[in-house]
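User: I have a model open and would like to talk through its strands and packing. Could you start with one strand and work outwards?

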Amino acid sequence: MSTIKDVARLAGVSLSTASYALSGDSKVSQKTRLKVLEAAKQLNYQKNGFAMDLKKSSTKTIALIFWDLAGPYYSELIKGVQEVTIANGYDLIACSSFGQSSTGMRFLKEKRVDGAIISSQNIDDQAILDAAREGFPIILLDQHLEGDYITHVMIDNKQGGRMAADYLIGLGHKQIGMISGPFSSYASRNRYLGFQESLKAHGLEEQHRWVMHGRMNRKDGYQATKTLILQGDLPTAVVYGNDEMAIGGLEAFRESGIRVPDDISIIGFDDIELAQYVNPGLTTIRQPKYEMGNLAAHVMFQALRGDIVNKSYQLQLELIERNSCASR
């Protein structure tokens with residue numbers, strides 16, 4: 001689908017001139033307007049009725065776009081964003097980016113909101129780059145993409161992977177596996193790389209039979225753990241890509257009569273609310289979900305006001321010790 005940037009490029013004019021020409025503004029000469037209209041015709045460009053391509057009246061609404069709205073990870077993050085948007089007199093729309101015709105993708109393409117906070121790995125980078133511009137800032141949560149009017153609010157996922165493995169090694173574990181999220185995910189990939197760095201730094205060899213990948217949910221954590229058990233050669237400890245996977249792993253171990261932490265230690269990542277209520281309580285790497293959402297929203301409104309904002313902000317991780325790990 002052609003954008004106004006494509007039209008401006010083909011017509012050899014600036015983005016603002018193309019926008020004025022397409023909206024019939026008298027600032028643009030007839031000659032230039034015809035040139036822009038001809039470029040738009042060649043590209044089959046359709047101006048969306050819900051969005052002005054350069055200047056538009058404020059919708060007083062911010063979009064919060066996730067890959068999937070299900071799962072306990074998002075509730076605290078949404079709360080952090082919501083409190084700031086309400087305080088600024090704005091509405092918040094949380095929507096999914098699942099599928100190319102998703103609500104989230106339409107908001108990006110048609111700009112029916114004033115800006116977007118995105119926590120989703122399945123949106124094409126180019127779609128984000130095309131959407132971000134002056135007057136339409138984009139805040140990316142825990143993923144990285146360089147571009148104008150794009151700000152990152154992140155944690156150090158690689159450090160988190162190291163922290164988890166370092167903690168288990170400090171308890172005396174030398175045979176450690178990892179059940180991680182998909183390698184295509186920026187967060188999952190870096191947690192796994194941090195895990196690898198920790199093993200190498202302590203002179204331990206990674207055993208590939210103990211490393212598995214799946215989607216970041218309870219079901220895949222359960223299934224991957226079942227596969228690990230069926231191999232018949234368990235490590236003494238497992239790092240999980242997130243708490244949901246770890247809780248699925250807990251269930252798989254319980255069903256197989258393998259005791260946590262007596263027979264095997266496990267550690268998660270995120271510190272979702274449920275982590276403290278499972279039995280045993282889940283040791284995990286806490287990422288500040290509420291604080292991340294709150295900071296992202298504050299940065300969004302600074303950008304909307306035209307204030308200077310940093311390109312990247314990084315929040316700190318914390319090890320939360322409960323009862324799912326034991327000394328070896």
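Analyst: This is a predicted model, and a good place to begin is strand E3, where Gly 115, Ile 117 and Ser 119 point one way while Ala 116 and Ile 118 point the other way, all of them being buried. In a regular strand the side chains alternate between the two faces of the sheet.

User: How many of the residues of E3 are buried?

Analyst: The strand spans residues 115–119, and 5 of its 5 residues are buried, which leaves E3 mostly covered.

User: And which strands does E3 pair with?

Analyst: On one hand there is strand E1, residues 61–66, which pairs with E3 in the parallel sense over 5 bridges, with Phe 66 bridged to Ser 119 of E3. On the other hand there is strand E4, residues 138–141, which runs parallel to E3 and is joined to it by 3 bridges; in E4, Ile 138 is the bridge partner of Ala 116, and Ile 139 is that of Ile 117.

User: What does the chain pass through from E3 to E4?

Analyst: It passes through helix H6, residues 125–131, and the resulting β-α-β crossover is right-handed.

User: Zooming out, what is the strand order in the sheet?

Analyst: The sheet is open and has 6 strands in the order E2-E1-E3-E4-E5-E11, with parallel pairing. Strands E2 (91–96) and E11 (312–315) are at the edges, and each has a single partner strand, so one side of each is left without a neighbour in the sheet. From one strand to the next, the twist averages 20°.

User: Back to the packing: which residues touch the most other members of the largest nonpolar core?

Analyst: Those are Ile 117 and Phe 195, in a core of 42 residues. Helix H11, residues 289–304, gives the most to this core, with 6 residues.

User: What does Ile 117 touch, leaving aside residues up to four places away in sequence?

Analyst: Its contacts include Ile 62, Ala 63, Leu 64 and Ile 65, together with Val 81, Ile 139 and Leu 141. Ala 296, Ala 297 and Met 300 are also among the residues that Ile 117 touches, and these three are buried residues of H11. Apart from the largest core lies another one, of 22 residues, among them Met 212, Val 238, Leu 250 and Ala 252.

User: How far does H11 reach, from its first C-alpha to its last?

Analyst: With 16 residues, H11 reaches 23 Å, close to the 22 Å expected at 1.5 Å a residue. Just after the helix, Gly 306 takes a positive phi of about 90°.

User: Switching to backbone oddities, where are the cis peptide bonds that you would point to?

Analyst: One joins Val 260 and Pro 261, with omega about 10°, and this proline lies in the loop between helix H10 (243–255) and strand E9 (265–270). Another runs from Asn 279 to Pro 280, with omega near 0°, and Pro 280 is found in the loop between E9 and strand E10 (284–286).

User: And which residues other than glycine have a positive phi?

Analyst: Tyr 149, in the loop between E4 and strand E5 (150–155), has a phi near 65°. Asp 271, in the loop between E9 and E10, likewise has a phi near 65°.

User: Are Tyr 149 and Asp 271 buried or partly exposed?

Analyst: Tyr 149 is partly exposed, with a relative accessible area of 43%, whereas Asp 271 has a relative accessible area of 12% and is therefore buried, the cut-off for buried being under 20%.

Note on methods
Residues are numbered from 1 along each chain as its sequence is written. This is a predicted model: local features need pLDDT of at least 70, side-chain atom pairs count only at pLDDT 80 or more; totals for chains, interfaces and linings use all residues. Side-chain values use heavy atoms; hydrogens and water are left out. Buried means under 20% relative accessible area, exposed over 50%, partly exposed in between (1.4 Å probe, protein chains only). Helices (H or I, at least four residues) and strands (E, at least two) are DSSP runs, numbered from the N terminus. Two strands pair if DSSP finds at least two bridges between them. A crossover is right-handed if, with the strands pointing away from the viewer, the path from the first strand over the helix to the second runs clockwise. Axes are lines fitted to C-alpha atoms, for helices over the stretch in contact, and angles run from 0 to 180 degrees between N-to-C directions. A nonpolar core is a set of buried Ala, Val, Leu, Ile, Met, Phe, Trp, Tyr and Cys residues joined through side-chain atoms within 4.5 Å. Contact means heavy atoms within 4.5 Å. The expected span of a helix is 1.5 Å times one less than its number of residues.
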